[in-house]
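The following exercises are to be worked through with the sequence and the three-dimensional model at hand. Each task is followed by a solution in steps.

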Amino acid sequence: MTPILRWALIGASDIAATRMIPAMRALGHQVTGVASGSAERAAGFAAAHGIPYGTVDVTALVARDDVDAVYVSSTNDRHRAHAEAALAAGKQVLCEKPLATSLDDARALIGAADRAGVLLAVNHHLPGAVTHRRIRDLVRSGAVGRPLAVRVFHAVSLPERLRGWRLEDRPGAGVIMDITCHDASVVNPLLDRPAVDAVALPARQGPWKAGSEDAAVTAIRYRDDVLVQTHDAFTVPFAPTGLEVHGDEGSILAADVMTQDPIGEIVLRDRTGVHPVEVGERRDLYEIVLEAFAMGRPTATGHDGLAALAVADAVLRSTQTGRREAVRGFPEELDA
């Protein structure tokens with residue numbers, strides 16, 4: 001039986017409203033309260049979503065006896081402070097991505113969770129998707145031989161309702177922290193080796209006044225000279241997302257798999273032909289994340305979140321320096 005958790009939400013966010021609260025309730029979990037920086041927003045969000053308690057006092061919320069776990073979905077630059085408050089109260093924490101806006105902050109959260117003896121996980125929704133689990137199984141079984149390259153197509157259109165802080169000039173804003181870190185959350189366990197360095201080109205393409213990059217292409221080198229390309233954007237309304245894995249004995253082509261929904265198709269091409277791949281039962285990606293968290297086996301641990309952030313951090317530094325940048329701080333326990 002999956003444990004039933006009572007949740008506190010820090011952040012009256014769009015993803016909490018559209019994805020996480022429905023997933024929590026589908027699993028039978030309860031939402032005890034929500035905290036926001038605005039009392040009016042906290043009260044309105046609580047009323048709109050049938051949450052008993054709305055507040056601006058994060059400390060009071062996470063200290064409640066009827067809270068087992070805390071979901072942090074405040075703006076990226078507040079993740080550390082809010083997650084630390086919950087960890088200090090002895091509560092399990094599921095934090096939105098990126099885990100933090102700096103590697104030092106991410107490591108501090110991992111240390112705080114270790115000292116408190118509680119679970120810290122990151123809401124990277126893609127690694128638990130049945131499509132990505134199937135792709136990892138294929139690669140590990142040798143279906144493509146020795147991996148040589150990965151391509152990620154994650155250029156989408158940023159919904160109008162989200163065209164706020166993500167486009168500002170502030171820590172944690174921009175497409176790299178919003179989308180490229182998701183790419184890394186998929187590629188890191190797929191290749192099962194550390195990223196080495198990255199080079200990137202940013203752009204500002206949208207019809208808005210952007211203070212941060214809203215599009216970027218990258219080249220990332222992983223150990224053993226495996227090359228990864230990504231195209232991430234807020235500016236592309238009609239392209240499908242996708243993932244390709246190319247090896248010396250085959251290629252995996254996966255269409256529409258870099259999404260928030262359990263969709264997408266996979267094809268394996270090798271010397272014997274083109275083979276559609278069965279993926280199995282398709283479940284809501286956020287229900288998968290929550291169920292795994294409740295069982296104490298998160299789809300993305302704090303260390304996984306740090307590894308994804310390490311890649312995004314190198315990509316972001318490259319956009320600022322115009323040079324190839326080393327990936328720093330990849331967790332040693334993930335360095336296979």
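**Exercise 1.** What volume does the largest cavity have?

*Solution.* The model is predicted, so local features require pLDDT of at least 70 and side-chain atom pairs count only at pLDDT 80 or more, while totals for chains, interfaces and linings use all residues. Residues are numbered from 1 along each chain as its sequence is written, and side-chain values use heavy atoms, with hydrogens and water left out.

Step 1. On a 1 Å grid over the protein atoms alone, a cavity is a set of points where a 1.4 Å probe fits but cannot get out; a pocket is an open set with protein on both sides within 12 Å along at least five of seven lines; lining residues have an atom within 4 Å of a point. Grid points are joined across faces, edges and corners, and a volume is the space filled by probe spheres set on the points.

Step 2. Two cavities of 30 Å³ or more are present, and the largest cavity has a volume of about 40 Å³.

Step 3. Its lining includes Ala129, Val130, Thr131, Arg282 and Arg283. Helices H6 and H8 (285-294) each give two or more residues to this lining. Helices (H or I, at least four residues) and strands (E, at least two) are DSSP runs, numbered from the N terminus.

**Exercise 2.** Describe the second largest pocket and the setting of Arg136.

*Solution.* Step 1. The second largest pocket holds about 350 Å³ of space. It is lined by 19 residues, of which Pro127, Ser185, Pro189, Thr299 and Asp304 are the closest to its centre.

Step 2. At least two lining residues come from each of H6, helix H7 (175-191) and helix H9 (302-321).

Step 3. Arg136 belongs to helix H6 (residues 130-140). Leaving aside residues up to four places away in sequence, Arg136 touches Pro127, Pro189 and Leu190, where contact means heavy atoms within 4.5 Å.

Step 4. Arg136 is buried but has no salt bridge, and the nearest side chain of opposite charge, Asp137, is 6.2 Å away. Buried means under 20% relative accessible area, exposed over 50%, and partly exposed in between (1.4 Å probe, protein chains only). Lys and Arg count as positive and Asp and Glu as negative, whereas His and the chain ends are not counted. A salt bridge is a side-chain nitrogen of Lys or Arg within 4 Å of a carboxyl oxygen of Asp or Glu.

**Exercise 3.** Which residues of helix H4 are buried, and which salt bridges does Arg80 form?

*Solution.* Step 1. In H4 (residues 79-88), the buried residues are His79, His82, Ala83, Ala86 and Leu87. They lie on the same side of H4, because they cover an arc of only 135 degrees around the axis; the arc is that of the directions from the helix axis to the C-beta atoms.

Step 2. Among the elements covering these buried residues are strand E1 (6-10), strand E4 (69-72) and helix H5 (103-116).

Step 3. Arg80 pairs with Glu84 in a salt bridge of 3.1 Å, N to O. Both residues lie in H4, four residues apart, about one turn of the helix. Arg80 is partly exposed, at 29% relative accessible area, and Glu84 is partly exposed at 28%.

Step 4. Arg80 also forms a salt bridge with Asp105, with the closest N and O atoms 2.6 Å apart. Asp105 lies in H5 and Arg80 in H4, so this pair ties together parts that are 25 residues apart in sequence.
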